[in-house]
Amino acid sequence: MKHETCSEFLGQSVTKMLDYYKMLCNLDYLKQHRKVTYTNLLASGRLNTYLADIDRQAQERFVRLIEGMKQVNGKRNA
């Protein structure tokens, strides 16, 4: 993998670390608070798919939240 700049490489590394941390937080939450769900997902082989779906949903919600904030801020400044 080739990177244009050192900061681009570091940015991608930080993003990957944050994604991994979010996945671990979701996994830890399942293990502690949703033990049956965790066990069922693990036994069925769907745990990674479930965690990826949760991450995708969270990112979509975040983008919608930011867009909504931009619209509200734009109306205030208009």
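**Salt bridges in helix 3, close up**

**View 1. Lys70 and Glu67 pair up through their side chains.** The N-to-O distance in this salt bridge comes to 3.6 Å, in what is a predicted model. Because Lys70 and Glu67 sit 3 residues apart in helix 3, about one helical turn separates them. As for solvent, Lys70 counts as exposed, at 52% relative accessibility. Glu67 comes in at 39%, so that residue is classed as partly exposed.

**View 2. Asp53 reaches Arg56 in a salt bridge.** Here the closest N and O atoms are just 2.4 Å apart. Both Asp53 and Arg56 belong to helix 3, which covers residues 47–77. They are 3 residues apart, or about one turn of the helix. Asp53 has a relative accessibility of 30%, so it counts as partly exposed. Arg56 is partly exposed too, with a relative accessible area of 39%.

**View 3. Glu60 forms a salt bridge with Arg56.** For this pair, the closest N and O atoms lie 2.9 Å apart. Glu60 and Arg56 are both in helix 3, with a spacing of 4 residues, again about one turn of the helix. Glu60 is partly exposed, at 37% relative accessibility.

**View 4. Asp53, Arg56 and Glu60 make up a salt-bridge network.** Zoom out a little from the two previous views and the pairs join up: Arg56 bridges to Asp53, and Arg56 also bridges to Glu60. How exposed are these residues? Asp53 is partly exposed at 30%, Arg56 is partly exposed at 39%, and Glu60 is partly exposed at 37%. In general, side chains of opposite charge can pair when their charged atoms come close. How many salt bridges does the structure hold? The count is 3.

**View 5. Confidence along the chain is highest in helix 2 and lowest in helix 1.** Helix 2, residues 35–44, has a mean pLDDT of 95. Helix 1, residues 6–33, has a mean of 73. Over the whole chain the mean pLDDT is 79, with 81% of residues at 70 or more. A word of caution before zooming in: where pLDDT is low, the predicted coordinates should not be read in detail.

Technical notes
Residues numbered from 1 in each chain as written. Predicted model: local features only at pLDDT ≥ 70, side-chain atom pairs only at ≥ 80, totals over all residues. Heavy atoms only, no water. Salt bridge = Lys/Arg side-chain N within 4 Å of Asp/Glu carboxyl O. Helix = DSSP H or I, 4+ residues; strand = E, 2+ residues; numbered from the N terminus. Buried < 20%, exposed > 50% of the residue type's maximum accessible area, 1.4 Å probe, protein only. pLDDT = per-residue confidence, 0-100.
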